[in-house]
Amino acid sequence: MNARPKVATRCNTNFKNIRYWLRNKLTHRGVDFGKINDEAEAALRELYQIPPNYKVLFLQGGGTGQFAAVPLNLCSSSDDVVDYIVTGTWSSKAAQEAEKYCKVNRVLPKTSVYTGIPDQSEWKLSNNAKYVYYCANETIHGIEFDFVPETNGVPLICDMSSNVLTRPIDVTKFGVIFAGAQKNAGIPGVTFVIVREDLLGKGMPICPTVFDYKINAANKSLYNTPPTFSIYILGLVFKWVLSKGGVSAMDQQSAVKSSLVYEVINASNGFYQ
């Protein structure tokens with residue numbers, strides 16, 4: 001009879017210890033995760049030399065979430081015009097999503113067959129666009145930009161999910177860059193967003209809080225419970241890339257690997273194309 005209270009007391013003590021660790025050590029608001037979060041951001045900033053007037057966000061919802069988040073954050077009215085350079089499936093999906101919130105101008109003629117990127121002289125850019133959007137690498141159709149589009153001062157938005165960390169970029173040429181981690185930078189569950197400060201706080205009132213760039217920037221991506229493990233892995237990958245020489249080294253390795261593929265294509269006498 002006397003043993004039971006002792007067991008209960010011991011169990012209660014262990015449970016209190018577990019709750020302490022969950023609350024103070026494993027919580028996303030704790031010191032330990034705060035360090036993980038900060039180190040991941042610092043490593044990404046170092047990789048791309050991100051200027052201080054750009055915010056780095058770790059968000060959920062994948063690239064598809066950003067298809068909505070971009071117009072909701074950068075447009076203030078459904079009458080606002082935005083330019084979309086549609087060169088494949090992903091930019092097409094992004095344009096379709098943006099059409100729910102604003103007026104989308106398709107810079108290139110609408111098509112379901114994507115074979116390349118027309119010369120910029122053929123593009124039909126608007127004279128009042130809030131931003132210009134493109135996908136740097138269309139994985140389904142195999143179309144990749146080898147240049148940064150000229151927008152003459154209009155904020156440039158880029159989906160870099162498929163080729164982030166593979167080559168150096170000048171962040172200052174962009175208003176917003178986003179990338180789902182699962183392609184090149186980590187595991188599913190987190191999308192990182194690099195957004196210029198002057199673009200914060202100009203969105204629509206209907207923008208969900210979970211996607212609001214200004215709110216997430218003010219709360220260091222911790223307003224909503226973040227995908228902690230995905231961010232942890234993301235930070236490890238960023239640090240690994242730095243240890244291997246950074247994105248320039250990744251670019252060189254990519255060139256070596258792709259040359260092996262193209263050698264087979266070129267030597268196939270037309271069998272591969």
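**Helix α4.** I looked up which residues of α4 are buried (under 20% relative accessible area with a 1.4 Å probe, protein chains only). I found Thr89, Ser91, Ser92, Ala94, Ala95, Glu97 and Ala98 buried in α4. Seven of the ten residues of this helix (residues 89-98) are buried, so α4 is largely enclosed by the rest of the structure. I then listed what the buried residues of α4 pack against: α3 (62-74), β2 (81-85), β3 (103-106), β4 (129-135) and β5 (137-138). Contact here means heavy atoms within 4.5 Å.

**Basis.** I note that this is a predicted model, in which local features need pLDDT of at least 70, side-chain atom pairs count only at pLDDT 80 or more, and totals for chains, interfaces and linings use all residues. Residues are numbered from 1 along each chain as its sequence is written, and side-chain values use heavy atoms, with hydrogens and water left out.

**Whole chain.** I recorded seven helices and nine strands; these are DSSP runs numbered from the N terminus, helices being H or I of at least four residues and strands E of at least two. Of the 273 residues, 45% count as buried.

**Cores.** I looked up the largest nonpolar core (buried Ala, Val, Leu, Ile, Met, Phe, Trp, Tyr and Cys residues joined through side-chain atoms within 4.5 Å). This core has 40 residues, and Leu165, Phe192 and Phe238 have the most contacts inside it. Its largest share, six residues, comes from α2. I noted that Leu165 touches residues including Leu47, Tyr48, Phe238 and Met250, with residues up to four places away in sequence not counted. A second, separate core of 34 residues includes Leu72, Cys102, Ile157 and Val176.

Definitions and conventions
Buried means under 20% relative accessible area, exposed over 50%, partly exposed in between (1.4 Å probe, protein chains only).
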